[in-house]
Amino acid sequence: MLSASRISLHYGKHLALDGVSIDVGESETVVVLGANGAGKSSLLKAIAGLLRPAPGARVNLAGTELVGLPAHRYVELGVALVPEGRGIFGDLTVAENLQLGAYAKPARPHEARQRALVLELFPRLGERQKQIARTMSGGEQQMLAIGRALMSCPRLLMLDEPSLGLAPIVTSELFTALGRIRETGIALLVVEQNVMASLAIAHRGYLMEAGRITGSGTADALRDDPAVQQAFLGAVTPAPFTNGVTP
Ligand code: ATP
């Protein structure tokens, strides 16, 4: 489905991505794990065509080369990004936000079908169709952002920190919905700080550090990897027993 390779990206002199290559298979859910500043958001933006990578990069979606195309063509060809901070239109209603999500030409004929899918996944959006988006709770706004992205009929849906700032119960609802989106066959590429929840819905994952991919594996293998546990799950090696005596 997605084959992104040799993606390098500079912000001025700072090299934020250094030859990153990742793949997402058809109907596959892939998570990218990394510390703050590792380059995860930059990677998603480069794959979405919002940032232009250095020459030599390739972003191939189901056989079509995307690098060099304008960003709206990425959307038309099936790439959707739910950015960190959601990117919904705060002054518009829920219904208007969803309608705008289907703005891309290939998505327009499927607007009714996609809306039905979105409202089935997120029934609360159905009850709140006339509500102004910025008056919704953080969790509801995140659901709307994902719903809006789904309206564009994506083949690849990318989510940047979808659970950021959400209460645990809302996060759990969100991951249940992501699991259901996964079952619809849409390929998902997710950046998340919530490592356990994201690995629970992922097939595979990549580890990112300082703009490079430093590891990859199945979700099960990553979850069991002591290095991953130490880096992301706060696992600590017990201190040696000192019998109360500080050396
Ligand atoms: P976080 O988890 O904190 O969102 P991240 O892994 O998504 O981090 P990026 O946001 O991609 O990381 O940032 C990668 C590096 O590029 C960081 O060092 C960041 O400071 C830098 N960077 C990101 N955006 C810009 C920008 N617009 N101008 C300059 N530097 C930037």
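## Residues around the ligand

In this predicted model, 14 residues surround the ligand, and Gly-37, Gly-39, Lys-40, Ser-41 and Ser-42 come nearest. A residue is near a molecule if one of its heavy atoms lies within 4 Å of it. By class, the shell has four nonpolar, seven polar and three charged residues; Gly counts as polar, and Asp, Glu, Lys and Arg count as charged.

Three polar contacts (pairs of N or O atoms within 3.5 Å) involve oxygen atoms of the ligand. A polar side-chain atom of Ser-42 lies 2.5 Å from a ligand oxygen, one of Lys-40 lies 2.8 Å from a ligand oxygen, and a polar backbone atom of Gly-39 is 2.9 Å from a ligand oxygen. The protein buries 59% of the 630 Å² that the ligand exposes when taken alone (Shrake-Rupley method, 1.4 Å probe).

Strand E2 (14-24) and helix H1 (40-47) each give two or more residues to the shell. H1 gives the most, with three. Helices (H or I, at least four residues) and strands (E, at least two) are DSSP runs numbered from the N terminus.

## The sheet

Six strands form an open, mixed sheet in the order E6-E7-E8-E3-E9-E10; strands pair if DSSP finds at least two bridges between them. E6 (79-82) and E10 (212-218) are the edge strands. E7 (156-160) and E8 (187-191) pair in the parallel sense over five bridges, and Leu-159 stands opposite Val-190 in E8.

## Basis of the values

Residues are numbered from 1 along each chain as its sequence is written, and side-chain values use heavy atoms, leaving out hydrogens and water. Local features need pLDDT of at least 70 and side-chain atom pairs count only at pLDDT 80 or more, while totals for chains, interfaces and linings use all residues.

Definitions and conventions: Polar contact = N/O pair within 3.5 Å; in protein donor to acceptor, adjacent residues only side chain to side chain.
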